[in-house]
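Please open the model in a viewer and keep the sequence panel visible. The tour below proceeds by selections, each followed by a description of what is found there.

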Amino acid sequence: MEELLITLASGLVENKEAVRVTTDQPNAEGVVVYHLSVAEEDMGRVIGKQGRIAKAIRVVMRAAAVREGQKILVEID
């Protein structure tokens with residue numbers, strides 16, 4: 001899952017070395033939180049107009065998680 005998020009974000013940004021993903025341990029409900037961080041100048045590319053790209057990233061990640069029987073949440077830091 002982490003590799004998928006890195007691949008999605010790397011395709012959007014110019015500074016690919018600044019893409020970082022950290023993962024929290026599952027909480028009481030079994031939800032794993034992925035924290036995506038990119039360079040400050042690439043933040044707009046990842047969020048998109050009115051958050052459309054960020055929503056699309058979350059949808060793709062959630063769909064991949066469902067296929068593996070997981071519950072996830074993606075936060076963009």
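The stops begin with the whole chain and then turn to individual residues.

**The whole chain**

Display the full chain as a cartoon, bearing in mind that this is a predicted model. Colouring by secondary structure brings out three helices and three strands. Followed from the N terminus, these elements run in the order α-β-β-α-α-β. The radius of gyration is 12 Å, close to the 11 Å that the globule rule gives for 77 residues, so the chain is as compact as a globular protein of that length. Along the principal axes, the C-alpha atoms fill a box of roughly 35 × 20 × 20 Å.

Next, switch to a surface representation. The protein chain exposes about 5000 Å², of which carbon and sulfur atoms supply 53%. Buried residues account for 35% of the 77 residues. If contacts are drawn between residues at least 6 apart in sequence, 55% of them join residues at least 24 apart. Colouring by charge shows 10 positive and 12 negative side chains, with the centres of the two sets 10 Å apart.

**Met-1: the start of the chain**

Select Met-1, which is placed in the segment before H1. Is this residue buried or exposed? Met-1 has a relative accessible area of 14%, and because the limit for a buried residue is under 20%, Met-1 counts as buried. Beyond residues up to four places away in sequence, Met-1 touches Tyr-34, Met-61, Ala-64, Ala-65, Glu-68, Gln-70 and Ile-72. For a distance to display, take the C-alpha atoms of Met-1 and Asn-27: the two residues are 26 apart in sequence and 17 Å apart in space.

**Gln-70: a partner of Met-1**

From Met-1, move to Gln-70, in the loop between H3 and strand S3 (71-76). Gln-70 is partly exposed, at 32% relative accessibility. With neighbours within four places in sequence left aside, the contacts of Gln-70 are Met-1, Tyr-34 and Ala-65. Tyr-34 and Ala-65 also appear among the residues that Met-1 touches. A C-alpha distance drawn from Gln-70 to Val-59 reads 14 Å, for a separation of 11 residues in sequence.

**Ser-10: in helix H1**

Select Ser-10, which lies in helix H1 (residues 2-10). Which backbone atom does the side chain of Ser-10 reach? The side chain of Ser-10 comes to 2.8 Å from the backbone oxygen of Ile-6. Ser-10 is buried, with a relative accessible area of 16%. Lys-16 and Val-19 are the residues that Ser-10 touches once those up to four places away in sequence are set aside.

**Ile-57: in helix H3**

Proceed to Ile-57, located in helix H3. With a relative accessible area of 5%, Ile-57 is buried. Show the residues in contact with Ile-57: apart from neighbours within four places in sequence, these are Leu-5, Leu-8, Leu-12 and Val-46. Leu-4 offers a further reference point, as its C-alpha atom is separated by 9.9 Å from that of Ile-57, although the two residues are 53 apart along the chain.

**Asp-42 and Glu-40: the loop between S2 and H2**

Now select the loop between strand S2 (31-37) and helix H2 (43-47), where Asp-42 lies. How accessible is Asp-42, and is it buried or exposed? Its relative accessibility is 2%, and Asp-42 accordingly counts as buried. Asp-42 touches Val-13, Glu-14 and Asn-15, with residues up to four places away in sequence not counted. For Glu-14, display the backbone nitrogen: it lies 3.4 Å from a polar atom of the Asp-42 side chain.

Glu-40 is found in the loop between S2 and H2 as well. In contrast to buried Asp-42, Glu-40 is exposed, with a relative accessible area of 67%. The C-alpha atoms of Glu-40 and Ala-56 are 20 Å apart, with their positions 16 residues apart in sequence numbering.

**Gln-50: backbone geometry**

Finish at Gln-50, in the loop between H2 and helix H3 (52-67). Inspect the backbone torsions here: phi of Gln-50 is near 55°, a positive value in a residue other than glycine. Most residues other than glycine have a negative phi. Gln-50 is exposed, with a relative accessible area of 69%.

Terms used. Residues are numbered from 1 along each chain as its sequence is written. This is a predicted model: local features need pLDDT of at least 70, side-chain atom pairs count only at pLDDT 80 or more; totals for chains, interfaces and linings use all residues. Side-chain values use heavy atoms; hydrogens and water are left out. Helices (H or I, at least four residues) and strands (E, at least two) are DSSP runs, numbered from the N terminus. The radius of gyration is taken over C-alpha atoms; the globule rule is 2.2 Å times the number of residues to the power 0.38. Buried means under 20% relative accessible area, exposed over 50%, partly exposed in between (1.4 Å probe, protein chains only). Contact means heavy atoms within 4.5 Å. Accessible areas come from the Shrake-Rupley method with a 1.4 Å probe; for residues, only the protein chains shown count as cover. Lys and Arg count as positive and Asp and Glu as negative; His and the chain ends are not counted. The place of a charge is taken as NZ of Lys, CZ of Arg, CG of Asp or CD of Glu. A polar contact is a pair of N or O atoms within 3.5 Å; within protein, one must be able to donate a hydrogen and the other to accept it, and residues adjacent in sequence count only if both atoms are side-chain atoms.
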